[in-house]
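Visitor: Please give me a close look at one part, the shell around the ligand. Then connect that part to the rest of the chain.

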Amino acid sequence: MMILKPSTTQFLLLCGILAGLAALPTHAMTVHAMTRAQKIEAGATLYQTKGCGYCHGKTATGTAKGPSLAHLGWWHWRGSRLAKQINNGGQKMPAFGDSLTRDEVSELVTWLRSHPAAKTHN
Ligand code: HEC
């Protein structure tokens, strides 16, 4: 019968952890492989398909139901705060945290910060 010394057990555990880590980058890499331009494009599509435009307007310049988002630049609000609003909603805005992945929220934020009007209004 083979008895594993602690060092052998630790070694095998380490191998397991390393093997697990090695499997991770596949997903992480696909995310990081997205260029900023691709994120902006994905964000613009999400904005249309998730119905943000219903309240914020087709080009995000606002309607009676929701304020303009066109003025938001990276200097206006930190990305995490924008993501929080999208995830949790606000007073009149519904929460989207359940219907968007983290990557999708990040794509929306990237798109909002890159809005053409953000560059001219600030
Ligand atoms: C039902 C209407 C409605 C929908 C749909 C909606 N919003 Fe909003 N949103 C609002 C309102 C109203 C506010 C103002 C704060 C509040 O009352 O929540 C707001 C605020 C925001 C803000 C903060 C802007 C600021 O300057 O305070 C962001 C960012 C935002 N919305 C993004 C989005 C995105 C992205 C989507 C789509 C995933 C979306 N909203 C969908 C109504 C809506």
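Guide: A residue is near a molecule or strand if its C-beta atom, placed from the backbone, lies within 6 Å of it. The model is predicted: local features need pLDDT of at least 70, and side-chain atom pairs count only at pLDDT 80 or more, while totals for chains, interfaces and linings use all residues. Residue numbers start from 1 along each chain, as its sequence is written.

Now the ligand. It is surrounded by 21 residues. The closest are Cys-52, Cys-55, Gly-66, Gly-90 and Met-93. Three helices, α4 (52-56), α5 and α6, each supply at least two residues of this shell. Helices here are DSSP runs of H or I with at least four residues, strands are runs of E with at least two, and both are numbered from the N terminus. The largest share comes from α4, with four residues. By class, twelve shell residues are nonpolar, six are polar and three are charged. Nonpolar means Ala, Val, Leu, Ile, Met, Phe, Trp, Tyr, Cys and Pro; charged means Asp, Glu, Lys and Arg; the others, Gly among them, count as polar.

Step back to the whole chain. The protein has seven helices and zero strands. Along the sequence the pattern reads α-α-α-α-α-α-α. Of its 122 residues, 16% count as buried. Buried means 20 or more other C-beta atoms within 10 Å of a residue's own, exposed means 12 or fewer, and partly exposed lies in between, with C-beta atoms placed from the backbone. Contacts are C-beta pairs within 7 Å, again placed from the backbone. Among contacts between residues at least 6 apart in sequence, 62% join residues at least 24 apart.

α5 and α6 come back in the core. The largest nonpolar core has 13 residues, and those with the most contacts inside it are Tyr-47, Leu-69, Leu-82, Leu-108, Val-109 and Leu-112. The elements giving two or more residues to it are α5 (79-88) and α6 (102-113). α6 gives the most, five residues. Such a core is a set of buried Ala, Val, Leu, Ile, Met, Phe, Trp, Tyr and Cys residues joined through C-beta atoms within 7 Å.

α6 also packs on α3 (residues 36-49), at an angle of about 100° and with the axes 7 Å apart. So α3 is roughly perpendicular to α6. Here the axes are lines fitted to C-alpha atoms over the stretch in contact, and angles run from 0 to 180 degrees between N-to-C directions. Under 35 degrees counts as roughly parallel, over 145 as roughly antiparallel, 65 to 115 as roughly perpendicular, and the rest as oblique. From α3, the residues in contact include Arg-36, Lys-39, Leu-46 and Tyr-47. From α6, they include Glu-104, Glu-107, Leu-108 and Trp-111. This contact divides into seven nonpolar, two polar and four charged residues.

Next, the loop between α4 and α5. Ala-60 lies there, and so does His-71. Ala-60 is buried, because 24 other C-beta atoms lie within 10 Å. Ala-60 also has a positive phi of about 65°, although it is not a glycine. His-71 is partly exposed, because its count within 10 Å is 17 other C-beta atoms. The two residues are eleven apart in sequence and 9.3 Å apart in space, C-alpha to C-alpha.

On to α5, where Arg-81 sits. Arg-81 is exposed, because it has 11 other C-beta atoms within 10 Å. Val-109 is 28 residues from Arg-81 along the chain, yet their C-alpha atoms are separated by 9.6 Å.

Last, the loop between α5 and α6 holds Ala-95. Ala-95 is partly exposed, because 13 other C-beta atoms lie within 10 Å. Not counting residues up to four places away, Ala-95 touches Asn-87, Asn-88 and Gly-89. Gln-85 is ten residues from Ala-95, with 7.7 Å between their C-alpha atoms.

Note on methods: Two residues are in contact if their C-beta atoms, placed from the backbone, lie within 7 Å.
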